[in-house]
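Student: Could you take me through one part of this model up close, and then show me how the rest fits around it? I'd like one connected walk rather than a list.

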Amino acid sequence: MSTGDRARDAASSAKRGASRAASGAQGAAAQAKDHPAARWVQGAGMVANGVVHIIIGVIALGVAFGGGGESADQSGAMQALRETPVGGVALWFVAISMLGLGLLAFATAIADARHDKQEAAKSAGRGVAYAAVGVTALTAAMGGSSDSEGQAQSFSSQLMSAPLGLVLVGALGIAVAGVGVYFIVKGVKKKFLEDVAPPARYRRLVEGSGTAGYVAKGIAVAIVGVLFVVAAVQHDPSEAGGLDGALQSLTTVPFGQVLLVAIALGLMLYGAYCFSRAAWPRW
């Protein structure tokens, strides 16, 4: 056998091995996401997610009426939780629950990758978002703190200093805004009902909270994306920001206070929808 034949055989064998490994990983992920314990993980994660969004909504409502204090984002929500009588326990609950929810989303992404790449990508994106909240809560539970706004501005500054950095920041902003539009469309078309199965007598309440919640969250996320685009256009990383920066920016525009109040209430309703998903998940 020639050297070329041996190389081809080795490559073919490696490819078959990789395929078997990938198939095994997908099978294990499918078993994990269908395990009875997965329902408990999702239930706890959705309760934690709901609590976080309700707190962010309350903080945003305070911002709308000129209040100061915590940031209207995940880090601000963790700080608010820390100041409650059960702060330590609550933070650990949120951290563990959100990290578990993130792992479940990643398992779902791996399992779905073999038959639905688009759904797998969505699950992976949710996993990243859930894990980020979990890490923020874990940092707070261990006595640390995080500054989402500072991190967003630092990230955009570093990105701008790279080759084609302005293009990358602008593209990131467009992508984030696209996620916001996706949330809005999901709320308006009530696609969220694919994830929850409430009893008939509660269906209208779930529809109302889900629609308002997804639209409000989508608008807030879209504004975050717009801030990154503005930062790229103006060559100014300080224009970029996270959720708190997006909500704070509404206080400087006409009728922004009204929109901010609506978004704040919508985020609280999104939290209520998360409780519905915890109580009545659709599997």
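Tutor: Let's start with K190, which sits in the loop between α7 (165–188) and α8 (203–233). This is a predicted model, so read everything here as computed from the prediction. K190 isn't a glycine, yet it has a positive phi of about 60°. In terms of cover, K190 counts as partly exposed, because its relative accessible area is 35%, in between the 20% and 50% cut-offs. Along the chain, that positive phi of about 60° comes just after α7.

So what does α7 itself look like? Its 24 residues should span 34 Å at 1.5 Å a residue, and the end C-alpha atoms are 35 Å apart, which agrees. The buried residues of α7 are worth picking out on your screen: G165, V169, G170, G173, A177, G180, F183, K186 and G187. You'll see several glycines in that list, G170 and G173 among them, and also a lysine, K186.

K190 has a counterpart further along the chain. F255 is not a glycine either, and it too has a positive phi of about 60°. You'll find F255 in the loop between α9 (243–249) and α10 (256–279). Its cover is another matter: F255 is exposed, because its relative accessible area of 73% is over the 50% cut-off.

Keep going past α10 and you get to W283, in the segment after that helix. W283 is partly exposed, with a relative accessible area of 45%. Now look across from W283 to D195: the two are 88 residues apart in sequence, but C-alpha to C-alpha they are 7.5 Å apart in space. D195 belongs to the stretch you began with, as the loop holding K190 runs between α7 (165–188) and α8 (203–233).

For a spot with no exposure, swing over to G134 in helix α5 (residues 117–141). G134 is buried, because its relative accessible area is 0% and buried means under 20%. What does G134 touch? Leaving aside residues up to four places away in sequence, it touches A95, M98 and L99. Take M98 from that trio: G134 and M98 are 36 residues apart in sequence, and their C-alpha atoms are 4.7 Å apart in space.

Helix α5 also packs against helix α3 (residues 74–82), at an angle of about 40° and with the axes 9 Å apart. That crossing is right-handed. On the α3 side the contact is made by Q74, S75, M78 and R82, and on the α5 side by V133, T136, A137, T139 and A140. Sorted by type, the residues of this contact divide into four nonpolar, four polar and one charged. Notice that V133, one of the α5 residues in that contact, is the immediate sequence neighbour of G134, which is found in the same helix.

Now zoom out. The protein has ten helices and zero strands, so the pattern along the sequence reads α-α-α-α-α-α-α-α-α-α. Of its 283 residues, 41% count as buried. Among contacts with a separation of 6 or more, residues 24 or more positions apart account for 73%, and the G134 and M98 pair, 36 residues apart, is one you've already met. As for the outside, the protein exposes about 14,400 Å², with carbon and sulfur atoms supplying 65% of it.

How values were computed
Residues are numbered from 1 along each chain as its sequence is written. This is a predicted model: local features need pLDDT of at least 70, side-chain atom pairs count only at pLDDT 80 or more; totals for chains, interfaces and linings use all residues. Side-chain values use heavy atoms; hydrogens and water are left out. Helices (H or I, at least four residues) and strands (E, at least two) are DSSP runs, numbered from the N terminus. Buried means under 20% relative accessible area, exposed over 50%, partly exposed in between (1.4 Å probe, protein chains only). Contact means heavy atoms within 4.5 Å. The expected span of a helix is 1.5 Å times one less than its number of residues. Axes are lines fitted to C-alpha atoms, for helices over the stretch in contact, and angles run from 0 to 180 degrees between N-to-C directions. A crossing is left-handed if the near helix is turned anticlockwise from the far one by less than a right angle, and right-handed if clockwise. Ala, Val, Leu, Ile, Met, Phe, Trp, Tyr, Cys and Pro count as nonpolar, Asp, Glu, Lys and Arg as charged, and the others, Gly among them, as polar. Accessible areas come from the Shrake-Rupley method with a 1.4 Å probe; for residues, only the protein chains shown count as cover.
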